[in-house]
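Notebook open, coffee poured. Today I am looking up strand pairing and the meeting of domains in a predicted model.

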Amino acid sequence: MEKSVATLDKGTTCTSWNYCGQRLATGSFNGFLSIFDSPDPASSSFTATSNIRIHEGGIVKIVWIPPEYGDAVACICGDGSLSLWEEIAEDGLPLQWKLCKIFHCKGSKVLDAQFGVIRTSLKMVVAYSDGHVKVYELLNPFELKNWQLQAEIQNVIDSVSTFGKASCFSASISWNPQRNESQEPSFVLGFNSDTPQLNSSKVWVFDQAHHRWLPVAELALSLDKSDQVFAVAWAPNVGRAYELIAVATRKGITIWHVRLNPGLDGRLSVEKVALLSGYEGEVWQMEWDMSGMTLATSGTDGMVRLWQSNFNGVWLEQAAFEPAS
């Protein structure tokens, strides 16, 4: 039996649950950020506890900052601006959401931003409409306003690649969710752009010895490298000998196995193991469950689909949900 957990405004454009699913952040077309909480931890009903206008235009994406750094969100707005907002208490007043930081970038728009916790530091990868990618590092874990630019890269597998000015329409970033001290931090990134070299999803790993980010794998077959990427999702790894990454393009959703041990050239071995088809239109978002065994996808057809691999390694659609009327 279906049950409503929250009633959202008609102008809602994006939503985001926090790490444990106990708080919901929503953005609207008129720039309002709303936070929904449950009055009872045992309840599945949520009501709005905060509602502030953070921008004159619409909010297109909200990302929660990892919980070790407090209750805070990053908001990407329709004009391409990126801002960080934190829930804090000042001078004995009730908790309020305050602006921490605005990231300025002349001439380009922010398309996506994602956070990764690396050992004891917080990093943020930001993809821009000109094809550039910036990695920021938080300098003080107690002050979300102090960030330092650590690196600036372009999403190409060959550093000597040359191309003209890029125009990117969207981007998707997904960090490796593992926090293994023996494993270097990594993320996967793909673009939807007019520049084929940027589009295909690449896996980036931090080279601790030289303090730089390196592309170590490309998740595309030779004939598919120019395909525009709409979404990527890196699965949690519970005992697998390989990493599992989903990539959505206009041809469908591909599932990739990425081996952990690099070859002599420093690259990781990759294998395309499945192509999930059946969507009418683009896939907008993908999320793995905590076990890394079930993939949830949604797109322009308005459906939410769940996918799993059977014992023979064949990926099948397990369920499909239509939007409520």
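**Entry: the hairpin at the start of my list.** I looked up strand β1 (residues 12-17) and found that 5 bridges join it to strand β2 (residues 23-28), the two running antiparallel. For a register point I took Ser16, whose bridge partner in β2 is Ala25. The two strands form a hairpin with 5 residues between them. I checked the turn as well, and Gly21 has a positive phi of about 70° there.

**Entry: β21 to β23.** Next I turned to strand β21 (residues 283-288), which pairs with strand β22 (residues 294-299) in the antiparallel sense over 5 bridges. My register note here is that Gln285 has Ser298 as its bridge partner in β22. This hairpin has 5 residues between the strands, and Gly292 takes a positive phi near 75°.

I then followed β22 onward. It is joined by 5 bridges to strand β23 (residues 304-309), again antiparallel. Ala296 has its bridge partner in β23, namely Leu306. I count this one as a hairpin too, with 4 residues between β22 and β23, and Gly302 in the turn has a positive phi of about 80°.

**Entry: the domains.** How is the protein chain divided? I have domain 1 down as 9-41 + 48-104 and domain 2 as 111-324. Contact between them takes 16 residues from domain 1 and 18 residues from domain 2. Over C-alpha atoms, I find 24 Å separating the two centres. I also looked up the area that domain 1 and domain 2 bury between them: about 1400 Å², with 70% of it on carbon and sulfur atoms.

**Entry: charges and polar pairs.** I was curious how many salt bridges are counted between domain 1 and domain 2. There is 1 salt bridge between them, and the structure holds 12 salt bridges. I noted that Asp112 lies in strand β9 (residues 110-118) and Lys61 in strand β5, so this pair ties together parts that are 51 residues apart in sequence. Their side chains meet in a salt bridge at 2.8 Å, N to O. Across the interface of the two domains I also noted 2 residue pairs in polar contact, both at pLDDT 80 or more.

**Entry: the domain 1 side.** Which strands each supply at least two residues of the side of domain 1 that touches domain 2? My list reads β5 (59-64), β6 (72-77), β7 (82-88) and β8 (96-103). By class, I get 12 nonpolar, no polar and 4 charged residues on that side.

Notes
Residues numbered from 1 in each chain as written. Heavy atoms only, no water. Domains from an automatic or database assignment. Contact = heavy atoms within 4.5 Å. Buried area = accessible area lost by both parts, 1.4 Å probe. Salt bridge = Lys/Arg side-chain N within 4 Å of Asp/Glu carboxyl O. Polar contact = N/O pair within 3.5 Å; in protein donor to acceptor, adjacent residues only side chain to side chain. Nonpolar A, V, L, I, M, F, W, Y, C, P; charged D, E, K, R; others polar. Pairing = 2+ DSSP bridges.
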